[in-house]
Amino acid sequence: MLYLDTPTSRDLDSLNTLRADACVSIYLPTTPITQDIQQARITLSNLSKEAVRQLREAGTDKRRLAALQEYLDDLADDEEFWRFQAHSLAVFATPDSLRTYRLANRLSEMVEVSDRFHLKPLIRSITFPHAAYVLAISENAVRLVEISPDLPAAALKVPDLPTDAASAVYKSTVNERSPSGRLQGSEGQKTRLTQYARKVDAALRPFLAGSELPVILAATQPVEAIFRSVGSIQALPQAISGSHDRTSEADLATAARPILDAHYEKQIADFHALFDTRKGQSRATTDISDAARAATFGNIEQLLIDIDNVVNGSVDEETGMVTFDEAGDARNYGVVDEIASRALRSGAKVFGARKDDIPGRESLAAILRSPV
């Protein structure tokens with residue numbers, strides 16, 4: 001079992017805006033198999049030593065450096081913490097605080113030191129989390145199932161969620177053939193199913209408020225069509241067809257994963273299509289310097305970045321001019337990471353991807369709000 005504490009968008013925003021005299025970002029592969037975790041602990045210790053070395057060479061205050069090192073050493077020695085891991089670990093430390101996130105994504109070993117955190121690898125965890133909700137709904141039953149990358153799928157308790165269509169509309173059945181006022185036959189059935197769908201939607205609305213995870217329907221017709229027509233929950237276009245009253249949560253998760261994969265692939269394909277259109281309008285670029293200036297002045301609408309590669313340097317706070325460096329140290333940082341951070345602060349949609357998914361296989365691709 002994986003133990004996950006994937007950062008939320010709010011966490012990312014908090015990390016994004018933090019500035020300190022020493023910010024250490026560490027990423028390393030881990031394993032959920034406790035007896036094999038020792039190598040990851042050794043890796044963390046080695047990366048921590050490298051971070052401290054860079055900061056010492058940069059002249060960081062000795063007392064501040066000692067406080068930072070104490071946080072990192074305590075983490076490496078925490079037996080209870082290392083008992084519960086996932087596929088990767090992200091560590092963000094300053095002399096005043098330390099945050100950790102256990103991630104399902106398999107990330108490369110990395111240490112970055114600067115006056116801000118290196119967040120680019122986290123962006124993929126948030127934009128493509130491989131998690132979703134499955135709403136299995138029929139006349140006879142309804143349940144909301146949460147699926148995550150490798151954890152067992154689980155049915156959630158949703159306050160006020162109806163148990164079935166008949167009880168939701170205070171009837172013994174929604175398939176009554178005898179007249180009841182103006183409702184009878186198929187017309188009456190459709191009306192009652194619509195009332196049922198509205199009650200399901202009303203229960204889910206506050207429960208899912210603030211969540212960015214996609215919702216996948218598992219339903220037969222006409223329930224699927226009725227729920228889509230009256231509900232405010234924006235489920236993915238593709239559904240898990242068929243009746244799933246007796247389908248296990250694990251089987252629903254298995255059926256949902258191809259739909260999730262297709263959803264993420266479509267997001268990348270949609271970006272490429274829009275990028276090609278905007279390129280002819282001088283509103284798209286893969287040039288890091290151009291993207292840095294656009295991000296500084298809030299001119300990026302969408303950004304696709306390579307989560308693996310680090311381009312060392314710095315970006316001027318006022319002009320967005322990029323200064324490139326050959327190697328990383330305690331004074332510079334990842335330029336693409338900084339561009340992504342500035343784009344996020346201006347409300348841009350940022351995707352983390354692999355180089356093969358980026359136009360021209362560049363370090364980034366930006367779609368701009370206005371021509372340059």
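Strands S10 and S16 run antiparallel and are joined by 2 bridges. S10 covers residues 284–285, and S16 covers residues 364–368. Ala284 has Ile367 of S16 as its bridge partner. This is a predicted model, and the pairing is read from its coordinates.

S16 also pairs with strand S11, residues 300–306. That pairing is antiparallel too, with 5 bridges. Within S16, Ala365 stands opposite Leu304.

Now look at how S16 sits in the structure. Of its 5 residues, 5 are buried, so the strand is largely enclosed by the rest of the structure. In a regular strand, side chains alternate between the two faces of the sheet. In S16, Leu364, Ala366 and Leu368 point one way. Ala365 and Ile367 point the other way. Both sets are buried.

Leu368 is a good residue to follow. It belongs to S16. Leu368 counts as buried because its relative accessibility is 2%, and the cut-off for buried is under 20%. Beyond its neighbours within four places in sequence, Leu368 contacts Arg283, Ala284, Ala294, Asn299, Ile300 and Glu301. One of these, Ala284, is the bridge partner of Ile367. Phe351 lies 17 residues from Leu368 along the chain, and their C-alpha atoms are separated by 14 Å.

Ile300 takes the picture further. Not counting residues up to four places away in sequence, Ile300 touches Ala366, Ile367, Leu368 and Arg369. Its other contacts include Ala291, Ala294, Ala295, Ile339 and Ala343. Ser346 and Ala348 are also touched by Ile300.

In soluble globular proteins, nonpolar side chains tend to be buried together. Here the largest nonpolar core has 38 residues. Ile300 and Leu364 are among those with the most contacts inside it. So listed as well are Phe92, Leu122, Leu303, Ile305 and Ile339.

Turn next to helix H2, residues 38–57. At 1.5 Å a residue, its 20 residues should span 28 Å. The end C-alpha atoms are 29 Å apart, which agrees. An α-helix has 3.6 residues a turn, so residues three or four places apart point the same way. The buried residues of H2 include Ala40, Thr43, Leu44, Leu47, Ser48, Ala51 and Leu55. Arg41, Val52 and Gln54 are buried too.

What covers these buried residues? Among the elements are helix H3 (62–77) and helix H4 (79–82). Strands S1 (23–29), S2 (88–94) and S4 (110–114) also contribute to the cover. Just after H2, Gly59 takes a positive phi of about 85 degrees.

Note on methods. Residues numbered from 1 in each chain as written. Predicted model: local features only at pLDDT ≥ 70, side-chain atom pairs only at ≥ 80, totals over all residues. Heavy atoms only, no water. Buried < 20%, exposed > 50% of the residue type's maximum accessible area, 1.4 Å probe, protein only. Helix = DSSP H or I, 4+ residues; strand = E, 2+ residues; numbered from the N terminus. Pairing = 2+ DSSP bridges. Contact = heavy atoms within 4.5 Å. Expected span 1.5 Å × (residues − 1). Core = buried A, V, L, I, M, F, W, Y, C linked by side-chain atoms within 4.5 Å.
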